[in-house]
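Q: Please take a close look at one part of this model, the metal site. Then place that part in its wider setting.

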Amino acid sequence: MVVETPGSQSSLHRANLERVVRAVRLAGSLTQAEIARGTGLSAATVSNIVRELRDNGTVQVTPTSSGGRRARSVSLSGDAGIVVGVDFGHSHLRVAVGNLAHQVLAEQTEPIDVDASAAQGFDRAEQLVGQLIATTGIGADKVIGVGLGVPGPIDVASGVLGSTAILPGWGGINPREELAGRLGMPVHVDNDANLGALGELVWGAGRGVKDLAYIKVASGVGAGLVINGQIYRGPGGTAGEIGHITLDESGPVCRCGNRGCLETFTAAGYVLDLLRSSHGPDLTVPRMVRLARDGDPGCRRVIADVGRHVGMGVANLCNVLNPSRVVLGGDLAEAGEVVLAPIRESVARYAIPSAARQLAVVPGALGARAEVLGALALVLSEMGDSTLLPDSAPATLAFT
Ligand SMILES: [Zn+2]
């Protein structure tokens with residue numbers, strides 16, 4: 001007869017192994033002192049556990065320095081497995097392959113009309129994933145999982161798109177099942193704003209921050225929310241839809257059916273229309289941003305107005321969630337201070353002062369790569385604590 005004893009020394013040891021692996025998995029690399037601070041384990045315990053994990057090939061340890069002192073940097077073993085990120089935008093497909101030590105091994109992006117046909121998009125994604133894995137020289141059997149980003153709200157539990165109004169060519173498709181079926185690999189799916197938030201949290205402007213919002217201003221406006229180090233999705237996966245905060249209840253009709261949503265004052269169509277008579281019918285958002293950076297007063301004014309409106313949404317978010325950092329991503333983030341300064345002014349004006357004081361509004365560090373790196377981070381965050389650990393017999397007491 002075998003009785004499991006969950007409170008035993010052995011299961012406590014297993015839990016500690018998992019805690020250390022979890023901390024390193026999301027941070028990329030940490031010194032042993034940082035692991036001790038992050039997990040609450042003693043320095044001696046961390047030292048023993050790191051030694052054990054190194055001996056079984058789960059982590060690698062490299063010499064580094066911390067505050068001028070010698071230290072040991074711990075990361076997951078580069079050859080323990082690989083993760084794949086696939087990011088669908090409305091007009092691009094980007095794929096990246098990384099290892100568990102947070103190194104990007106291969107990455108490629110290409111323009112594609114994703115809205116027009118889901119089947120074509122998935123065909124190309126399938127090919128590109130195969131090609132990029134092949135260039136790394138690592139076998140496809142080493143893939144731990146695939147992170148998939150789609151530019152619309154997604155029901156995380158079912159993997160189904162919340163609205164096909166955003167992706168008309170994707171009706172009736174379950175993106176996660178579609179890609180998992182084609183690749184024969186486990187796939188985790190999330191929307192672009194959440195992945196941007198994860199990307200910046202793990203690799204970019206949000207490193208070390210526990211509470212942040214990633215605001216993506218592109219064809220719509222969305223926010224990815226990180227609360228206490230975790231993405232907050234809400235039960236239906238629609239948390240962070242700040243594009244539909246009402247700014248003017250008698251304003252233009254939004255695609256959601258409401259009137260005067262924030263998005264109606266920031267969407268590319270609305271913004272470019274304002275400049276059509278002065279700047280011609282062929283103006284695009286990237287060109288508008290370039291002109292603004294070069295000093296064009298009309299483009300600067302229109303982008304500043306977008307910033308003021310986005311800032312009203314950020315002020316609401318700030319009052320409700322009190323994040324310490326807002327990271328701006330999407331096409332408009334390339335405008336730099338032209339858009340950031342008006343966002344900060346709106347936050348100062350509309351948020352309660354104590355919340356506004358603690359908030360830093362910064363540009364994203366990853367640019368258009370935020371989502372695909374976030375897709376890699378999604379796999380690292382969802383892969384489970386035991387995936388890399390050798391199967392250990394549960395702590396048992398045997399009675400004969
Ligand atoms: Zn709306």
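A: Four donors count as tetrahedral if all angles lie between 85 and 135 degrees. Keep that cut-off in mind for the site below. One caution comes before the details: this is a predicted model.

Start with the ligands. The protein donors of the zinc ion are H244, through ND1, and three cysteines, C254, C256 and C261, each through SG. These atoms lie 2.0 to 2.3 Å from the metal. Along the chain, the zinc donors are spaced as H-x9-C-x1-C-x4-C.

Now the geometry. The four donor atoms subtend angles of 105 to 122° around the zinc ion, so the arrangement is tetrahedral. That range falls between the limits of 85 and 135 degrees.

Next, burial. The cut-off for a buried residue is under 20% relative accessible area. C254 has 8% relative accessibility, so C254 counts as buried. C261 has a relative accessible area of 0%, and therefore C261 is buried too.

What about cysteine pairing? The test asks for two cysteine sulfur atoms within 2.5 Å. By this rule the disulfide count is zero.

Further along the chain comes helix α8, which spans residues 285–293. Its buried residues are V285, M288, V289, L291 and A292. They cover an arc of only 160° around the axis, so they sit on the same side of α8. An α-helix has 3.6 residues a turn, so residues three or four places apart point the same way. The other side of α8 carries R290 and R293, both exposed. The buried residues of α8 pack against two helices, α7 (268–279) and α9 (297–321). Just after α8, G295 adopts a positive phi of about 105°.

Finally, the whole chain. The protein chain has 12 helices and 17 strands. Its radius of gyration is 23 Å, close to the 21 Å that the globule rule gives for 400 residues, so the chain is as compact as a globular protein of that length. Taken along the principal axes, its C-alpha atoms fill a box of roughly 85 × 50 × 40 Å. Of the 400 residues in the protein chain, 49% are buried. Long-range contacts can be counted as well. Among contacts with a separation of 6 or more, 63% join residues 24 or more positions apart.

To return to the site: one histidine nitrogen and three cysteine sulfurs hold the donor positions on the zinc ion, and their arrangement is tetrahedral.

How values were computed
Residues numbered from 1 in each chain as written. Predicted model: local features only at pLDDT ≥ 70, side-chain atom pairs only at ≥ 80, totals over all residues. Heavy atoms only, no water. Donors = N, O, S within 2.8 Å, 3.2 Å for Na, K, Ca; no water. Tetrahedral: all angles 85-135°; square planar, octahedral: opposite > 155°, others 65-115°. Buried < 20%, exposed > 50% of the residue type's maximum accessible area, 1.4 Å probe, protein only. Helix = DSSP H or I, 4+ residues; strand = E, 2+ residues; numbered from the N terminus. Arc of directions from axis to C-beta. Contact = heavy atoms within 4.5 Å. Rg over C-alpha atoms; globule rule 2.2 N^0.38 Å.
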